[in-house]
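Welcome! Please take a moment to look over the sequence and the structure below before reading on.

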Amino acid sequence: ELALSDAKTQGESVVFFDASLHLHAGLEGPLSRALQRGEFELHFQPLVDVSGRRVVCAEALLRWNSPEHGLQMPGTFMPILERSDAIVEVGAWVLREACRAAALWGGVRVAVNLSARQFASRDLRSVVLGALRDSGLPPACLELEITESLMMQSPERAARLLAAFQEDGVRVVLDDFGTGYSSLGYLARFPLSGLKIDRSFVSALEEKPDGHDAAIVRAVVGLSRDMGLELVAEGVESLGQVELLENLGVRIMQGYYFARPSAQWRPLNVPGVR
Ligand code: C2E
Ligand code: MG
Ligand code: MG
Ligand code: MG
């Protein structure tokens with residue numbers, strides 16, 4: 001990603017460079033061996049239905065436990081992985097691990113983020129179905145998180161793929177909703193199960209409860225309800241935000257206020273949990 005703050009002015013021309021590439025050039029080698037070495041791990045963060053006071057889903061978030069560099073967040077290594085086909089293999093591992101964990105927990109719903117290359121790969125559907133088959137997790141317990149930009153790479157293909165997942169009974173939701181090139185037309189054309197409204201809208205709420213961000217959240221609540229989409233608010237950090245969101249009609253929330261992503265997280269309200 002090109003950040004404006006990384007621009008160096010040289011005479012008349014402005015030279016940009018990729019900050020993540022620069023800072024983490026040394027990670028590329030170790031990263032390419034991380035999967036075989038078992039250095040990846042999943043952390044889970046619950047999605048909470050505040051009206052029913054229960055956990056409805058857990059999002060799997062990838063971490064890299066590097067012996068040399070310590071625990072790494074996706075922000076540091078995902079841009080590197082996404083530049084190569086390695087992300088497809090790592091993504092398949094995430095799918096298998098997340099399904100395995102959710103099955104062990106007694107069939108709790110689990111959400112898995114997909115990357116662009118993974119979404120474009122021909123065997124995504126068979127990888128997904130394989131992860132479900134091997135784990136015994138019911139398809140309805142798997143939720144795939146995609147972004148608007150990912151769908152727009154190849155809208156025709158995305159529409160077919162989403163229809164196939166719908167037929168398989170696998171849920172697909174739109175992550176970071178409101179930050180991409182949101183075309184509302186896509187909501188009508190693509191068979192989605194839900195929307196995750198980006199945390200930038202949530203963080204703006206407390207400062208300006210009657211501002212434009214609140215208006216957008218209110219509109220998305222109405223839109224989701226009328227289109228039968230499940231709405232989730234991400235990045236909920238305070239009780240104040242919970243109350244404001246509840247008043248706007250949001251029921252399902254995810255964020256540090258409820259729980260940080262954790263390797264130790266286990267659903268407590270699912271019967272048969274060890
Ligand atoms: P995302 O899918 O939008 O995930 C939510 C991010 O927000 C996570 O960051 C999570 O830790 C963070 N978060 C959760 N609650 C709060 C909160 O209350 N406040 C704040 N400030 N942040 C909160 P994380 O784990 O660093 O992941 C960043 C992004 O990396 C994810 O954004 C997702 O796009 C990507 N990612 C993570 N795991 C995977 C994966 O397995 N595969 C792929 N393709 N992408 C992944
Ligand atoms: Mg996500
Ligand atoms: Mg998100
Ligand atoms: Mg986000």
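The report below goes from the whole chain to its ligands and then to a few residues.

## The chain as a whole

What you see is a predicted model. The chain has 274 residues, and 47% of them are buried. Its secondary structure consists of 12 helices and 11 strands.

Two further numbers help to describe the chain. Take the contacts between residues at least 6 apart in sequence: 65% of these join residues at least 24 apart. The chain exposes about 14100 Å², and carbon and sulfur atoms supply 51% of that area.

## The surroundings of ligand 1

A good place to zoom in is ligand 1, which has 23 residues around it. The closest are Arg63, Asn113, Asp175, Glu237 and Tyr256. Sorted by class, this shell holds 10 nonpolar, five polar and eight charged residues.

Polar atoms of the protein approach the ligand at several points. One nitrogen atom of ligand 1 lies 3.0 Å from an N or O atom in the side chain of Gln45. The backbone takes part too: a polar backbone atom of Leu62 is 3.1 Å from a nitrogen atom of ligand 1. On the side of Asp175, a polar side-chain atom is 2.8 Å from an oxygen atom of the ligand. On its own, ligand 1 has 800 Å² of accessible area, and the protein covers 83% of this. Strand S4 (54–66), helix H3 (74–81) and strand S8 (171–177) are the elements that contribute two or more residues to the shell. Of the shell, the largest share comes from S4, with four residues.

## The first magnesium site: ligand 2

Which residues hold the magnesium ion listed as ligand 2? Its protein donors are Glu59 (OE), Asn113 (OD1), Glu145 (OE) and Asp175 (OD), at 1.9 to 2.2 Å from the ion. Read along the chain, these donors have the spacing E-x53-N-x31-E-x29-D. Because Glu59 lies in strand S4 and Asn113 in strand S6 (residues 110–113), the pair ties together parts that are 54 residues apart in sequence.

Are Glu59 and Asn113 buried or exposed to some degree? Glu59 has 5% relative accessibility, so this residue counts as buried. Asn113, with a relative accessible area of 28%, is partly exposed.

## The second magnesium site: ligand 3

The other magnesium ion described here is ligand 3. Asp175 (OD), Asp176 (OD) and Glu234 (OE), the last of these listed twice, are its protein donors, lying 2.1 to 2.4 Å from the ion. Along the chain, the donors follow the spacing D-D-x57-E. Distant parts of the chain are linked here: Asp175 sits in strand S8, while Glu234 belongs to the loop between strand S10 (230–233) and helix H12 (239–247), 59 residues apart. Asp175 and Glu234 are both buried.

How far apart are the two magnesium ions, ligand 2 and ligand 3? They are 3.8 Å apart, and Asp175 coordinates both. Asp175 also appeared earlier, with a polar side-chain atom 2.8 Å from an oxygen atom of ligand 1.

## A closer look at Gln45

Gln45, already met beside ligand 1, is found in strand S3 (residues 40–49). This residue counts as buried because its relative accessibility is 7%, and the cut-off for buried is under 20%.

Which partners does the side chain of Gln45 have within the protein? It makes a polar contact with the side chain of Gln254 at 2.9 Å. The side chain of Gln45 also reaches the backbone oxygen of Ala259, again at 2.9 Å. Beyond its neighbours within four places in sequence, Gln45 is in contact with several residues, including Cys57, Ala58, Glu59, Leu61, Tyr256 and Arg260. Among them, Glu59 is a donor of the magnesium ion (ligand 2), and Tyr256 is one of the closest residues to ligand 1.

## A stop at Ala158

The last stop is Ala158, which lies in helix H8 (residues 155–168). With a relative accessible area of 0%, Ala158 is buried. Not counting residues up to four places away in sequence, Ala158 touches Phe119, Met151 and Phe190.

For a sense of scale, compare Ala158 with Leu71. The two are 87 residues apart in sequence, and their C-alpha atoms are 33 Å apart in space.

Note on methods:
Residues are numbered from 1 along each chain as its sequence is written. Chains are lettered from A and ligands numbered from 1 in the order in which they are written. This is a predicted model: local features need pLDDT of at least 70, side-chain atom pairs count only at pLDDT 80 or more; totals for chains, interfaces and linings use all residues. Side-chain values use heavy atoms; hydrogens and water are left out. Buried means under 20% relative accessible area, exposed over 50%, partly exposed in between (1.4 Å probe, protein chains only). A polar contact is a pair of N or O atoms within 3.5 Å; within protein, one must be able to donate a hydrogen and the other to accept it, and residues adjacent in sequence count only if both atoms are side-chain atoms. Contact means heavy atoms within 4.5 Å. A residue is near a molecule or strand if one of its heavy atoms lies within 4 Å of it. Accessible areas come from the Shrake-Rupley method with a 1.4 Å probe; for residues, only the protein chains shown count as cover. Ala, Val, Leu, Ile, Met, Phe, Trp, Tyr, Cys and Pro count as nonpolar, Asp, Glu, Lys and Arg as charged, and the others, Gly among them, as polar. Donors are N, O and S atoms within 2.8 Å of the metal (3.2 Å for Na, K and Ca); water is not among the atoms, so sites may look incomplete.
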